[in-house]
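The following note is offered to a colleague who wishes to read this structure closely. Please keep the sequence and the structure in view while going through the numbered points.

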Amino acid sequence: MRSAPLPLSHFQALLIFAFLSSLALACLTDRTPVERLKYAARSFALFVIIAVGIAWAMFPLSH
Amino acid sequence: MTDPNPTEQAAVQAPAKQNSAAPFIAIAAWIVPGLGHLLLRRWARAIVFFIAAGGLAITGYLLRGNVFPPRSGDAFGTLGFLADAGSGVFYVLARFIETAGADVSRAAGDYGTRFIAAAGVVNSISVCDAYEIASRRRN
């Protein structure tokens with residue numbers, strides 16, 4: 001069976017997803033460019049922190 | 001109490017003039033992510049939406065995510081198709097990029113399925129945004 005042509009770890013996939021989604025969400029806001037950048041950064045951080053938090057919360061279920 | 005500025009008063013009272021090209025801009029935005037904003041001369045938004053939708057879709061294909069066909073036979077498949085087809089031209093590109101087909105037996109393939117659906121959702125949001133800007137409902 002052929003593997004994926006883009007070998008990514010779970011965390012790398014999360015980073016790419018969070019980055020691209022945050023960019024799109026920030027672009028929808030009616031703010032100044034600087035505020036949009038801050039919004040994107042905050043959204044990216046929340047994506048990553050919440051995903052890692054949920055992963056740790058689910059850790060006992062897998063053991 | 002002073003009278004309001006006549007220009008501002010006219011702007012409030014007169015309904016925003018509808019742009020008859022708005023539906024065509026929405027269709028263009030759906031076919032190529034960012035094209036609607038490009039036609040509206042919103043360069044930054046056009047580039048960001050193209051990169052976001054395109055990046056999500058191509059990453060999803062490279063992770064060998066599942067691309068839902070138009071006729072899947074069940075409600076979940078139809079919902080998946082609607083989400084995937086939202087990415088416009090990138091939905092068609094799937095057959096050229098993901099030549100080996102989907103592999104959702106691994107986590108990467110499952111993530112890929114979500115990436116592809118997210119690309120469609122992001123582009124659908126950008127279509128709504130382009131339509132609203134074209135019809136002058138927002139700046």
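1. Nonpolar surface patch. In this predicted model, B:Phe24, B:Ile27, B:Trp30, B:Ile31, B:Val89, B:Val92, B:Leu93 and B:Phe96 make up a nonpolar surface patch of about 770 Å². Helix 2 (22–31) and helix 6 (89–97) of chain B are the elements that give two or more residues to this patch. A patch is made of residues with over 30% relative accessible area and no salt bridge, where nonpolar side chains (Val, Leu, Ile, Met, Phe, Trp, Tyr) are joined within 5 Å and like charges within 9 Å. Accessible areas come from the Shrake-Rupley method with a 1.4 Å probe, and for residues only the protein chains shown count as cover. B:Ile31 is one of the patch residues; B:Ile31 lies in helix 2 of chain B and is partly exposed, at a relative accessible area of 40%. The terms used here are buried for under 20% relative accessible area, exposed for over 50%, and partly exposed in between (1.4 Å probe, protein chains only).

2. Basis of the values. Residues are numbered from 1 along each chain as its sequence is written, while chains are lettered from A and ligands numbered from 1 in the order in which they are written. As the model is predicted, local features need pLDDT of at least 70 and side-chain atom pairs count only at pLDDT 80 or more, whereas totals for chains, interfaces and linings use all residues; side-chain values use heavy atoms, with hydrogens and water left out.

3. Overall make-up of chain B. The secondary structure of chain B consists of seven helices and zero strands, in the pattern α-α-α-α-α-α-α along the sequence. Helices (H or I, at least four residues) and strands (E, at least two) are DSSP runs numbered from the N terminus. Chain B has 139 residues, of which 42% count as buried. Among contacts in chain B with a separation of 6 or more, 74% are between residues 24 or more positions apart; a contact means heavy atoms within 4.5 Å. The area that chain B exposes is about 7700 Å², with 65% of it supplied by carbon and sulfur atoms.

4. Interface with chain A. How many residues does each chain bring to the contact? Chain B brings 25 residues and chain A brings 20 residues. About 1900 Å² is buried between the two chains, and carbon and sulfur atoms give 72% of this area. In chain B, B:Arg45, B:Leu62 and B:Phe115 lose the most area to chain A, together 22% of what that side buries. Buried area is the accessible area (1.4 Å probe) that two parts lose on being put together, summed over both.

5. Polar features and elements of the interface. Between chain B and chain A, two residue pairs are in polar contact (both at pLDDT 80 or more), and the rule finds zero salt bridges across this interface. A polar contact is a pair of N or O atoms within 3.5 Å; within protein, one must be able to donate a hydrogen and the other to accept it, and residues adjacent in sequence count only if both atoms are side-chain atoms. Helix 4 (43–62) and helix 7 (107–134) of chain B each supply at least two residues of the side that touches chain A. The largest share of that side, nine residues, comes from helix 4 of chain B.

6. Salt bridges. Over all chains, a search of the whole structure finds three salt bridges, each defined as a side-chain nitrogen of Lys or Arg within 4 Å of a carboxyl oxygen of Asp or Glu. B:Arg45 pairs with B:Asp129, with the closest N and O atoms 2.6 Å apart. This pair links distant parts of the chain, 84 residues apart, from helix 4 to helix 7 of chain B. B:Arg45 is buried at 4% relative accessibility, and B:Asp129 is buried at 2%. A second bridge joins B:Asp103 and B:Arg106 (2.7 Å, N to O); B:Asp103 is buried at 5%, whereas B:Arg106 is partly exposed at 26%. B:Arg114 and B:Asp110 form another, at 3.1 Å; both lie in helix 7 of chain B, four residues apart, about one turn of the helix. B:Arg114 is partly exposed at 49%, and B:Asp110 is partly exposed at 33%.

7. A loop residue. Where does B:Asp74 lie? B:Asp74 is in the loop between helix 4 and helix 5 (75–85) of chain B and is partly exposed, with a relative accessible area of 39%. B:Asp74 and B:Ala117 are 43 residues apart in sequence and 17 Å apart in space, C-alpha to C-alpha.
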